[in-house]
Amino acid sequence: MSGGAAAVRALAFWLAVGCVPGACAQTFQFPTYRSAAEVDEACQRLLADQKQTEAHLTEWPAERAATVLPELDAMLRRYEDTLGPLALLAGVHPDKAIRDAADACEVGYQAFSSAFLQNAGIHALLKQVQPADEIDRRMQRDQLDAFEDSGVALAADAQARAREINVEITRLGLDFERAVREDKTQLAFSAAELKGVPRAVWQRAPRDAQGRYLLGLDSPTSVPVIQGARNPTTRMRMWRAFQNQGGAGNLKTLAQLGQLRRDYARLFGFDSYADFLLRRRMAQNEAQAQSFLDSVKAAVAERELADLMLLRAAKARDLKKPASATVLQRWDVAHYTERERRARFAVRQDQFRAHFPPEASLKFVFKLAETLFGVKVEPLQQTLWHADARAYSVNDSATQAFLGTLFVDLYPRADKYNHAAVWSFRSVSTLAQRSPAAGLVVNFNRQGLSIDELETLLHELGHALHTLLSNTRYASQGGTNVVRDFVEAPSQMLEDWVYDPDVLKLFGQVCKACKPVPAALIAKADKARQFSKGIAVARQHLFASFDLALTGKDAPEPMAQWALMEGATPLGHVDGTMFPAGFAHLASGYAAGYYGYLWSEVLAEDLRTAFKGKRLDAATGRRYRDSVLAQGGEVAPEDLMRQFLGRPTDSRAFFDALKRP
């Protein structure tokens, strides 16, 4: 098909949806749901609409194959318009009935989607598409992969089993996440037991009948307790409780997920669920992913042991005992890491809170995006799910063109998703003149951010920008709709920016009252973050290897496998803890993909080389925006990297960074 024919097809689509080019892109108005019944109604409307579209597509003759790609993409956009916001609300809405209804809608839609992707007639029509260009060709291939991976070519009984498994995996994954999110564990501590923990963390906490402070497991509470408490029993109790989030029921759920995933892979002739998934990703198969992880482990093994020896020596000095008679426990690691950073570098995480107020920190990362990527972020007035949530428009600085809508939820509360994440729930489509939207969710201390938390905020904004600055033809390829082992790279790349004094000077432009961070303190913080890097990277290696083990051919019992693998590490396994019960990534989209955090870090370090010495250079930032962010999943990651860097990517920068003192 010629480019002219593609343009005619696009114009016909615009007319069909009632728009003309340039007229449909507008801010996304987040839907307001007042009850679970309203969620159910919206879900039923979506399902009815999608089933009607499927019926029409099934009846189309081969001559209409040219319109299949935009029609399939329109179905995705319809899905995103309803279930995109609901997926976010499932993690943040204060009303449990609405959260549960949103989860139920996801399960119901999975049943439809699994059956739709086994529709042989639509699959045959899709195979007849003659792509107009490389974008269409990649879109066609991605859609064909989706049909094939859902079982369109399987026998009828195997198709039914595939549908059944997909629905059950979705349901179990949501159950797992809900158990973590709604964990009500509270621990009681006296003021004396909290010595060393900043008073702002606990002084306003509710108290029990004995006057003890009741502390939950949210990050702004648990992390300072584990890091700061001088009392080892306090650290141990909080650490154990955090390790056991989700409860024993989640271990059973994880085991069921492992068996179901293995069964699913075997329907397609694969022994390993990891091999089934990774054949579509950069790593290609489980063996290559594990080989990469082995190379990382080899690079940090000695450093991990050296780091642990330093921490044990620090504990020995603290207890006034010889190192040979001192045992470093897992709940000691964060505490003595922080103490040694203070002693060696005269820097502590808590001292940055006065410099980084939450609202000013948000304005700072926006200002950085504006400076580097040529955008303008401005507040919008919308009624959202909670008073803490707010909306922003993102516009191009030069043309004033509207680009997308960002929603932000900064602070912790009961039953809210308790980590940091971005829901890229609405993708761009130039074909439909559709703008993207994303929700950024974190849980920060209202008194201010540590520099680690500022790094987290910038990381998450990187995900949001990947969505909001994308400019793809199809929503299916927009923003973070890329292969899983590339998706973290654009956000990881930006993490280093918070350690650049010139970058932090932007705080002065958004917060006149904010006391500037001394350049010497930033330099110390940059050095301090390298301390215990061997421990941190080795831990990530363990997480990734555990994930691959669970999705390998044996699908072992999760708790036994974790105890075995953690037990083989220098600090061993602590009996009575069940970390996998709270490891939500294992139950969601990162199954057989957690290695991607380290894999993407290789790419992120290479991307940073283009910004060396010029982290605020607008020309480089714009080239990065156009070469990497704007193209989303339209182009293979290795080709995006080559376009931006002017050469094939390599791992030297990553492994050099692992050696950095």
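The following paragraphs describe two disulfides and one sheet with a helix across it in a predicted model. Residues are numbered from 1 along each chain as its sequence is written. Because the model is predicted, local features need pLDDT of at least 70 and side-chain atom pairs count only at pLDDT 80 or more, while totals for chains, interfaces and linings use all residues; side-chain values use heavy atoms, with hydrogens and water left out.

The covalent links come first. A search of the whole structure yields two disulfides, a disulfide being a pair of cysteine sulfur atoms within 2.5 Å. One of them connects Cys 43 with Cys 105, at an S to S distance of 2.2 Å. Cys 43 belongs to helix 2 (residues 36–59) and Cys 105 to helix 4 (residues 96–116), so this pair ties together parts that are 62 residues apart in sequence. Helices here are DSSP runs of H or I with at least four residues, strands are runs of E with at least two, and both are numbered from the N terminus. The link of Cys 43 and Cys 105 is right-handed, with 100 degrees about the S-S bond. Cys 43 is buried at 5% relative accessibility, and Cys 105 is buried at 2%; buried means under 20% relative accessible area, exposed over 50%, and partly exposed in between, with a 1.4 Å probe and protein chains only.

The other disulfide joins Cys 511 to Cys 514, with an S to S distance of 2.0 Å. The torsion about its S-S bond is about 80 degrees, so the link of Cys 511 and Cys 514 is right-handed. Cys 511 is buried at 15% relative accessibility, as is Cys 514 at 9%.

Attention now turns to the sheet. Five strands form an open sheet in the order 3-4-5-7-6, with mixed pairing; two strands pair if DSSP finds at least two bridges between them. Strand 3 (375–380) and strand 6 (421–426) occupy the edges, each with a single partner strand, so one side of each is left without a neighbour in the sheet. On average, neighbouring strands of this sheet are turned by 25 degrees against each other, direction ignored. Strand 3 runs antiparallel to strand 4 (residues 389–396), and six bridges join the two. Within strand 4, Tyr 392 is the bridge partner of Pro 379.

Helix 16 (residues 451–468) lies across strand 4, strand 5 (402–409), strand 6 and strand 7 (437–441), where contact means heavy atoms within 4.5 Å. Helix 16 runs at about 170 degrees to strand 7. Axes are lines fitted to C-alpha atoms, for helices over the stretch in contact, and angles run from 0 to 180 degrees between N-to-C directions.
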